[in-house]
Amino acid sequence: MTSNEKSTDFLYGLNEWEIVEKSFRPDKNDHHETVFAIGNGFIGMRGSYEEGLDKRGYKGFEGTFLNGIYENGVIRYGEIGYGYPERSQTMINVANSKSIKLFLDGETFDMLSGELLEYRRTLNMKEGFLRRNVIWRSPKGKEIKLEIERIACFSRKSIAAIRYCLIPLNFEGKVKLISELDGNVGNSASENDPRVGSGLENDVLETVITAAEEEFSALVQVTKRSRLAVACLSKEQEEEGYCPQIVRGTGNSHVETVYDFVAEKGKPFSLIKYIAYHAGCFPQETALGEAAEQLENAERAGYAVLKEENRLFLEAFWQKADIEINGDLPLQQAVRFNLFHLLQSVGRDGKTNICAKGLTGEGYEGHYFWDTEMYVVPAFLYSCPDISRKLLEYRYHTLDKARERARQMAHSKGALFPWRTIDGEECSGYYPASTAQYHINADITYAIKNYVEATNDLGFLKAYGAEIVFETARLWRDLGFFSEEKDGQFCIHCVTGPDEYTAIINNNCYTNLMARENLRYAWETAQWLEREENRCYGELKARLGLEAGEITEWKEAADRMYIPYSQKHGIHPQDDCFLEKKVWDFEATPPEHYPLLLHYHPLVIYRHQVCKQADVVLALFVLGHLFDKETKKRNFDYYEKVTTHDSSLSACIFSIVANDIGYCDKAYDYFIKTARMDLEDYHGNTNHGIHTANMAGSWMCIVNGFAGMRALNGKLSFAPSLPKAWEKLSFKLSYRGCRVKVAISRRNAVYELLEGECMTLLHRGEEIQLSKDQPVTVEW
């Protein structure tokens, strides 16, 4: 069954470069606010309307977020234990700069009143703008045409802009526009869902500066606990030939500029609103000054230049990162939507990362997770490796806090990275599904290893990567032990694997496999540094107090790592006791009781065989070279039956492994659930933000799944399996200074070297030698 057959009523029509809303749907508004969000990796603006929200008929909430800008809260426990995190961190909703209110002879423009004669909203992913086109008839019969565009500037971190154009169609009369900066904002309250809401009080920002000057409007606020300064500035510029009366004013955390003029029938009036945000841990005057400078530069450039800069930035991005699917328009649209939102959400400065819900909503409080290393880094690594590097640099900049956390957890050496964080501190209060997920250490090292192998960026390894790799290896050696009960094998107890429906167990298979990779890579890195970069190695050893005996122990622990295996079932148990548990009664579980975590106490879930997401199956993908095809099949068949996919991180992994073992129809079905998850709101919570890991997973489904790409031993290999509905699939990959184009059809695969002099790759195990501009075709 194709994606076209699965749904004939797509919410946003079908256009490969645009998401289009053709009718105003207040009942879907909170979902649409996420879908039509814009951002640039620092600024994120939900797709709420400039005129604001009238709670009579709207679902949704205003939201503007800045990556890395958060407020601390107090985590309240009924019974607190040693080492429990005491402070939460929540990405805050900052001043709303989108607000522009319109009045026609005293009538308020409101799409819930009067009559909408035309409505169309478009997210253009090729050029990077959000546009709304409206023809509205007021209750008294005045008709006006509006075209409103919004951009967040990829090339100017601090800048966003709005172009607001109106044309009176059947009247002449008084028109008033009020452009606002509104600092009376807050975050959503906590809900009975651990994935959404926060424990913050609404009043977390203290206003310290308001200004309404001809030069600019300004609102500077400071978070009360984290003491981060947030400056929001704007400057309006009229485009057309009116001479409006302009009045500026300030109020309670509020700044406004009022434009009054007499409109002429058929004569347009356009207003450009330039917006600047600057925020961080520095004096409020610094925030104001930096934002003012960026605002002045943006105004001097002009809206047309800003928009063209976005187009050029995206042209370069799509040239490297685009995936073309012929024959399946719904999935073509979805994949581009996912890549576009990833780009809008990802921090590119080395000091910020990517939130689980991007910069589109408050889900998971704006926290960074392991999603980054295991999903997002791979999605950028082979197209925009500089972004992957910056994400890994963020981990280096939080390494000291990871060391502090390790000491809190009684580890005398090494570093323990947080499960949920913004600034590097652990801020999850539920340790069974957070701190216990030690595998995040190995996930980070896995991403570092893959980055270095794909880019040959040895400078990164020397400056940043090696230190992380060594400190995580130290942690594993301290955490595990050589068990007499397991014939001297190295065991790791009391951890939680990727599957959060199974917690605090011994020898999680995924964790042990990944820890082994971490330890081995640390040993290999030490050997390479000693041999090739001895001075650097000596300095790093001295700084860390690293002894030669430790490095030997890393290799010994890796070589003797215990990996659970059941001879009876011919599979790898998820942990030591997983197969001893009763299988969850799926037939007796009503559909409305999913996700299980919202309807059953954790202990009820923990005592059953039931998986929230891929765990052993994830290992079958990321360490696939360790398993033969039959082993993969037996494990996939077993775990598929007990996995609910309540996590958005799951379906994509099952799709990839299904492709790997020849379950092509299943692979395609899982991919549909992955690719259009947010567009169709399959999990019912896109209103709280996109699912960034799942979006990255859609890239993995295509490149690692349908194209069968793996990177191993310095070469790329491919094992294509094109879905029946597709006519052709093509994409480009960068690897070790080369760029190759891969085009897969029903009859052949074509490999073309676009950059670099020569390259060796594998097609179904057979070596292919590529030379620049000399495509090689493999028929079947």
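Which residue in strand 27 is the bridge partner of Glu-324? In this predicted model, the bridge partner of Glu-324 in strand 27 is Ser-730, and this pair belongs to the antiparallel pairing of strand 20 (residues 323–326) with strand 27, which extends over 4 bridges. The points below begin with that strand, then turn to other sheets, a buried helix, the nonpolar cores and the empty spaces.

**Strand 27 and its partners**

- Strand 27 covers residues 728–735, and 7 of its 8 residues are buried, so the strand is largely enclosed by the rest of the structure.
- Besides strand 20, with which it shares 4 bridges, strand 27 is joined by 8 bridges to strand 28 (residues 738–745), and these two strands run antiparallel.
- Within the pairing of strand 27 and strand 28, Leu-733 is placed opposite Val-740, which belongs to strand 28.
- Strand 27 and strand 28 make up a hairpin that has 2 residues between the strands, and in its turn Arg-736 has a positive phi of about 50°.

**Two open sheets**

- Strands of a sheet pair through backbone hydrogen bonds, and the pairing is either parallel or antiparallel.
- One open sheet consists of 3 strands in the order 2-3-4, with antiparallel pairing; strand 2 (38–39) and strand 4 (64–66) are at its edges, each having a single partner strand, so one side of each has no neighbour in the sheet.
- In this sheet, strand 3 (residues 43–45) is joined to strand 4 by 3 bridges in the antiparallel sense, and Met-45 is found opposite Thr-64 of strand 4.
- Another open sheet has 5 strands, arranged in the order 8-7-13-18-17 and paired antiparallel; its edges are strand 8 (107–108) and strand 17 (245–251), each with a single partner strand, so one side of each is left without a neighbour in the sheet.
- Strand 13 (residues 173–182) pairs with strand 18 (residues 254–263) over 10 bridges in the antiparallel sense, and Val-175 has Phe-261 of strand 18 opposite it.

**Helix 17, a mostly covered helix**

- Helix 17 (residues 651–660) has 9 buried residues out of 10 and is therefore described as mostly covered, where buried means under 20% relative accessible area.
- Among the buried residues of helix 17 are Cys-652, Ile-653, Phe-654, Ile-656 and Val-657, and Ser-655 and Asn-659 are also on the list.
- The elements that cover these buried residues include helix 6 (371–381), helix 15 (616–622), helix 16 (629–641), helix 18 (664–675), helix 19 (692–706) and strand 25 (710–712).
- After helix 17 comes Gly-662, which has a positive phi near 90°.

**Nonpolar cores**

- In soluble globular proteins, nonpolar side chains tend to be buried together.
- The largest nonpolar core of this model contains 217 residues, and Tyr-375, Phe-470 and Trp-726 are those with the most contacts inside it.
- Another core, of 25 residues, lies apart from the largest one, and its members include Ile-151, Val-220, Ala-231 and Leu-306.
- When residues up to four places away in sequence are not counted, Tyr-375 touches Trp-370, Leu-618, Leu-649, Cys-652, Ile-653, Ala-693, Ala-696 and Met-700.
- Two of these, Cys-652 and Ile-653, are also among the buried residues of helix 17.

**Pocket and cavities**

- The second largest pocket holds about 1,100 Å³ of space, and of the 49 residues that line it, Phe-621, Met-709, Arg-710, Ala-711 and Leu-712 are the closest to its centre.
- Helix 9 (residues 439–455) gives the largest share of the lining of this second largest pocket, with 7 residues, and by class the lining has 23 nonpolar, 15 polar and 11 charged residues.
- Across the whole structure, a search finds 3 cavities of 30 Å³ or more, and the largest cavity has about 60 Å³ of space.
- The residues lining the largest cavity include Gly-47, Tyr-49, Glu-50, Arg-121, Leu-130 and Ile-148, and strand 10 contributes the most to this lining, with 3 residues.
- By class, the lining of the largest cavity has 3 nonpolar, 2 polar and 5 charged residues.
- The second largest cavity holds about 40 Å³ of space; its lining has 6 nonpolar, 3 polar and 2 charged residues, including Arg-405, Phe-417, Trp-419, Glu-426 and Tyr-438.

Terms used
Residues are numbered from 1 along each chain as its sequence is written. This is a predicted model: local features need pLDDT of at least 70, side-chain atom pairs count only at pLDDT 80 or more; totals for chains, interfaces and linings use all residues. Side-chain values use heavy atoms; hydrogens and water are left out. On a 1 Å grid over the protein atoms alone, a cavity is a set of points where a 1.4 Å probe fits but cannot get out, and a pocket is an open set with protein on both sides within 12 Å along at least five of seven lines; lining residues have an atom within 4 Å of a point. Grid points are joined across faces, edges and corners, and a volume is the space filled by probe spheres set on the points. Ala, Val, Leu, Ile, Met, Phe, Trp, Tyr, Cys and Pro count as nonpolar, Asp, Glu, Lys and Arg as charged, and the others, Gly among them, as polar. Two strands pair if DSSP finds at least two bridges between them. Buried means under 20% relative accessible area, exposed over 50%, partly exposed in between (1.4 Å probe, protein chains only). Contact means heavy atoms within 4.5 Å. A nonpolar core is a set of buried Ala, Val, Leu, Ile, Met, Phe, Trp, Tyr and Cys residues joined through side-chain atoms within 4.5 Å.
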